Amino acid sequence: MNSKAMSNKPLYKGTLIESTGSWYEVYTDHGIKLRCKFKGKYKIAGIKSTNPLAVGDRVEVHEDVEEGVGMIVRVLPRKNYIIRKATKLSSRTHIIAANIDYAFLVVTQSQPRTSTGFIDRFLVSCEAYHIPAVLVFNKTDLNNTQEQTQQQEWIQLYSSLGYTCIETSAVKGMGIPVLQKMMKGRISMFGGHSGVGKSALINSIEPTLNIKVGEISQVHLKGQHTTTFARMHPLSKGGWLIDTPGIKELGLVNFERQDVAGYMPEMRALLGQCKFNNCMHLKEPECAVKAAVVECNSKINCIFAKQNYKTL
Ligand SMILES: Nc1nc2c(ncn2[C@@H]2O[C@H](COP(=O)(O)OP(=O)(O)OP(=O)(O)O)[C@@H](O)[C@H]2O)c(=O)[nH]1
Ligand SMILES: [Mg+2]
Ligand SMILES: [Zn+2]
């Protein structure tokens with residue numbers, strides 16, 4: 001296409017609200033949804049990503065009025081993004097979403113079970129990219145006494161580190177008004193394992209959306225990857241909410257081993273007190289983090305009692 005023909009086409013700014021890999025849906029700033037293509041490459045230095053564009057990206061689009069489709073011609077710089085390894089051992093990465101104000105991690109005690117290791121990796125990723133993270137404990141209606149006790153312990157633990165924790169039930173409507181209030185006027189994202197109820201929560205928050213939810217496999221008590229593409233949904237009170245496909249594992253991307261502790265608030269507070277300033281808090285002598293682990297090993301509500309940092 002010559003430049004004269006191109007200049008006849010209107011140029012819009014907008015936000016990428018869905019990406020299937022080959023097609024992109026853009027919501028333009030003047031309020032139209034446009035099916036778009038993208039041919040270019042957008043690279044983050046040093047990162048091989050499976051998706052060049054992510055939901056939440058701000059883009060510039062040329063609309064082809066005759067064909068009724070758009071061509072994404074530019075991706076504007078990202079404020080932040082959440083990224084993970086495409087698979088556990090892969091060198092490729094996948095950007096889950098970009099330009100978000102709040103990342104809500106949906107956690108369940110059972111059906112499926114979420115581990116504190118998974119929660120910690122998500123929180124570390126958010127800290128690294130300066131995204132405020134919130135923990136949503138869903139399916140509270142299903143918890144037996146033991147699971148509910150564990151949930152309370154986790155809430156006490158993560159609240160003491162400064163994370164907002166919300167107990168919800170998409171089925172009973174529990175916690176929904178709190179989420180609606182926090183999400184008003186903001187771009188929020190739900191992450192978590194398959195089957196934790198991300199899509200069901202979105203339906204409770206915004207009942208007109210009617211997003212597909214899936215059954216929990218009765219054999220494995222896990223979700224069945226019902227949501228296959230990330231999608232940004234408009235909220236009637238203002239703001240957007242991004243639904244994402246369930247994540248099995250959350251491999252950290254672009255972290256140096258010695259930097260990880262700096263993204264955990266409880267460790268960050270102690271880092272200046274280790275003998276060596278490049279301490280990895282593993283075998284080094286006079287390590288303030290290890291000393292804190294020993295000191296409160298018996299207190300279940302202390303973050304250091306978990307001792308699962310080496311798995312990060
Ligand atoms: N009892 C109970 N069931 C819930 C709750 N939230 C979701 N569910 C059920 O859990 C199942 C999975 O819900 P989804 O919303 O599809 O889960 P998801 O996190 O979106 O899963 P993926 O799209 O696969 O990542 C559905 O059968 C929901 O009805 C809850 O708070 N309580
Ligand atoms: Mg879903
Ligand atoms: Zn140390």
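## A zinc site in a predicted protein model

Buried residues, meaning those under 20% relative accessible area with a 1.4 Å probe and protein chains only (exposed is over 50%, partly exposed in between), make up 51% of the 312 residues in the protein. This is a predicted model, in which local features need pLDDT of at least 70 and side-chain atom pairs count only at pLDDT 80 or more, while totals for chains, interfaces and linings use all residues. Residues are numbered from 1 along each chain as its sequence is written, chains are lettered from A and ligands numbered from 1 in the order in which they are written, and side-chain values use heavy atoms, with hydrogens and water left out.

The protein has 7 helices and 13 strands, which are DSSP runs numbered from the N terminus (helices H or I of at least four residues, strands E of at least two).

The zinc ion (ligand 3) has as its protein donors Cys274 (SG), Cys279 (SG), His281 (ND1) and Cys287 (SG), which lie 2.1 to 2.4 Å from the ion; donors are N, O and S atoms within 2.8 Å of the metal (3.2 Å for Na, K and Ca). The arrangement is tetrahedral because the 4 donor atoms subtend angles of 104 to 118°, and four donors count as tetrahedral if all angles lie between 85 and 135 degrees. Cys274 and Cys287, 13 residues apart, are both in the loop between α6 (265-268) and α7 (288-295).

Two of the donor residues are buried, as the table shows.

| Residue | Relative accessible area |
|---|---|
| Cys274 | 8% |
| Cys287 | 6% |

Note on methods. Four donors count as tetrahedral if all angles lie between 85 and 135 degrees; four count as square planar and six as octahedral if opposite donors are over 155 degrees apart and all others between 65 and 115; anything else is irregular.
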